[in-house]
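Biologist: I've got a new structure up on the screen and I'd like to go through it with you. Can we take it piece by piece?

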Amino acid sequence: MAADIEIRIGERRFMLDSAKADEAIHGKAVINGRQTPHFNILPLKYPWAYELYRNMKANHWEPEDIPMGRDIEQWRSADGSITDIDRWIIRMGVGYFSAAEGIVGDNILHVIREKVTASELKLVLGRHAHEENIHADSLLYMVSSLGLNPHECEAMFEDIATIRRKNEFVESVTQGMRRDIDLSETPSKQKFAKNMFVFGQCMEGTQFYGLFGMVLSLYRQNKFPGIGQMFRYTLRDESNHIELLRQLFNTLVQENPDVWTEQFREECRQLMATAVELEKEFISDCLPVSALGLSKEDFHLYIEYIANRRLEGVNLAPLSVDAPNPFPWLAEMMDIKKEQNFFEGRVTEYQKASSLRSVEDDEL
Ligand SMILES: [Fe+2]
Ligand SMILES: [Fe+2]
């Protein structure tokens, strides 16, 4: 008779049949693992994935938790305290992210989650997709609170050339990925790994940061506190998404060393270089940084700084000589745990008092 083994996850204990547990662990893989009809999480082969899932769950929030009264007042004010540029930045943020959140969520569900085989990975990817829903819903909440025209926001995504180019860039790694592809061959594994890399490290990890920086600069000037708060919650979630796709990419490479050729590594670096160029173009064309007291050069450096961090996270060489983060205040603004009262109000209802997790990524 097989001996039972005890597995502990945090404070929970499970008794498993050791032979079956062994078989299950050996059958698990990021791709091409054993497919089972049941959603068996145990035993965990990827404890980081479950840990991340719990972390994400502990940070749950809903848009309605955030009061918008002050934002509405400021949006309507005519006393000059809020400029047309400030309003433009908010419109741009709502417009860009309304579409971008949907594009990411869709790719997570229909490309990445569809192809990974281990249950704990599917679990955390499901949570990721749901968080994109929450972000999309928070933008709708902003649209309704401020009385914005959603079609105008949509049009931004189609009419602004630099946004269109950012979109075409991410679309280039999704083509053909929705079909059943044979992931036993190296080129298709590399294609899948690139999809993960572009979505996690280039798009969510780098290209989101131009607008994040702009909206948070407004927040820093006490403009649109509700929107700023929602963007901070969103950013904390994004840090987890970047981490999830980073770990997934690294584990895929570890399990499939044939992916990691010199050519593949260089192609990934070039994809990041393109992402950085597109983001710099977007900042130059669309973001009136000087109106907020920031310099375009610093903003460009900031994007480079972040891109280098993302590359290092997946063991790729940085694109440029490292310079210090030109916006340390932005990192501070994202470090939510420093604020004692931040979670007062309804948000705390989702939390078990001790389970509140904070962003570990101090490199933003
Ligand atoms: Fe998001
Ligand atoms: Fe995300």
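Biologist: Let's start with a loop residue: does Asn 222 count as buried or exposed, and what is the class called?

Modeller: Keep in mind as we go that this is a predicted model. Asn 222 sits in the loop between α9 (209–220) and α10. Its C-beta neighbours inside 10 Å number 11, and the cut-off for this class is 12 or fewer. So Asn 222 counts as exposed.

Biologist: What is the phi of Asn 222?

Modeller: Most residues other than glycine have a negative phi. Asn 222 isn't a glycine, yet its phi is positive, at about 60 degrees.

Biologist: Where is Asn 32, and which burial class does Asn 32 fall into?

Modeller: Asn 32 is placed in the loop between α1 and α2. Like any non-glycine with that backbone twist, it deserves a look: its phi is positive, about 60 degrees. With 15 C-beta neighbours inside 10 Å, Asn 32 counts as partly exposed.

Biologist: Which peptide bond is cis, and what is its omega near?

Modeller: Most peptide bonds are trans. Pro 43, in the loop between α1 (18–27) and α2 (47–58), is the residue to look at. The bond from Leu 42 to Pro 43 is cis, with omega near -10 degrees.

Biologist: Over to the strands, then. How many bridges join β1 to β2?

Modeller: Strand β1 covers residues 4–9 and runs antiparallel to β2. One pairing to click on is Ile 7 with its bridge partner in β2, Phe 14. The bridges joining β1 to β2 number 6.

Biologist: Which residue in the hairpin of β1 and β2 takes a positive phi?

Modeller: The hairpin has 2 residues between its strands. A positive phi near 60 degrees turns up there, and the residue that takes it is Gly 10.

Biologist: How many residues of β2 are buried, and how many of β1?

Modeller: Strand β2 spans residues 12–17, and of its 6 residues the number buried is 0, so β2 lies largely in the open. Strand β1 also has 6 residues and lies largely in the open, because its number of buried residues is 0.

Biologist: Which helix gives the most to the largest nonpolar core?

Modeller: That core has 85 residues, and those with the most contacts inside it are Leu 121, Met 196, Val 215 and Phe 249. The helix that gives the most, with 12 residues, covers 225–255 and is α10.

Biologist: Leaving aside neighbours within four places in sequence, which residues is Met 196 in contact with?

Modeller: Met 196 belongs to the group with the most contacts inside the largest nonpolar core. Beyond those sequence neighbours, the residues in contact with Met 196 are Ile 112, Leu 245, Leu 248 and Phe 249.

Biologist: Is Met 92 buried or exposed?

Modeller: Met 92 has its place in helix α4 (residues 84–115). Leaving aside neighbours within four places in sequence, Met 92 is in contact with Met 156, Leu 211 and Cys 286. Since 22 C-beta neighbours lie inside 10 Å, Met 92 counts as buried.

Biologist: How do α4 and α5 run relative to each other?

Modeller: Helix α5 takes in residues 119–146, and its axis is 9 Å from that of α4, at an angle of about 160 degrees. Because of that angle, α4 and α5 are roughly antiparallel.

Biologist: And what hand does the crossing of α4 and α5 have?

Modeller: Among the residues of α4 that meet α5 are Phe 97, Gly 102 and Ile 108, and the α5 side includes Leu 125, Ala 129 and Leu 139. The crossing in which α4 passes α5 is left-handed.

Biologist: How far apart in space are Leu 140 and Val 94, C-alpha to C-alpha?

Modeller: Leu 140 is in helix α5, and its 14 C-beta neighbours inside 10 Å make it count as partly exposed. In sequence, Leu 140 and Val 94 are 46 residues apart, while in space the separation is 8.5 Å.

Biologist: Last pair: what hand does the crossing of α8 and α11 have?

Modeller: The axes of α8 (residues 186–207) and α11 (residues 262–286) come within 10 Å and cross at roughly 30 degrees. That angle is why α8 counts as roughly parallel to α11. Val 198 is one of the α8 residues in the meeting, and Leu 271 is one of those in α11. As for the hand, α8 passes α11 in a crossing that is right-handed.

Terms used: Residues numbered from 1 in each chain as written. Chains lettered and ligands numbered in written order. Predicted model: local features only at pLDDT ≥ 70, side-chain atom pairs only at ≥ 80, totals over all residues. Buried ≥ 20, exposed ≤ 12 C-beta atoms within 10 Å, placed from the backbone. Helix = DSSP H or I, 4+ residues; strand = E, 2+ residues; numbered from the N terminus. Pairing = 2+ DSSP bridges. Core = buried A, V, L, I, M, F, W, Y, C linked by C-beta atoms within 7 Å. Contact = placed C-beta atoms within 7 Å. Axes fitted to C-alpha atoms, helices over the stretch in contact; angles between N-to-C directions. Parallel < 35°, antiparallel > 145°, perpendicular 65-115°, else oblique. Left-handed = near helix turned anticlockwise from the far one by under 90°.
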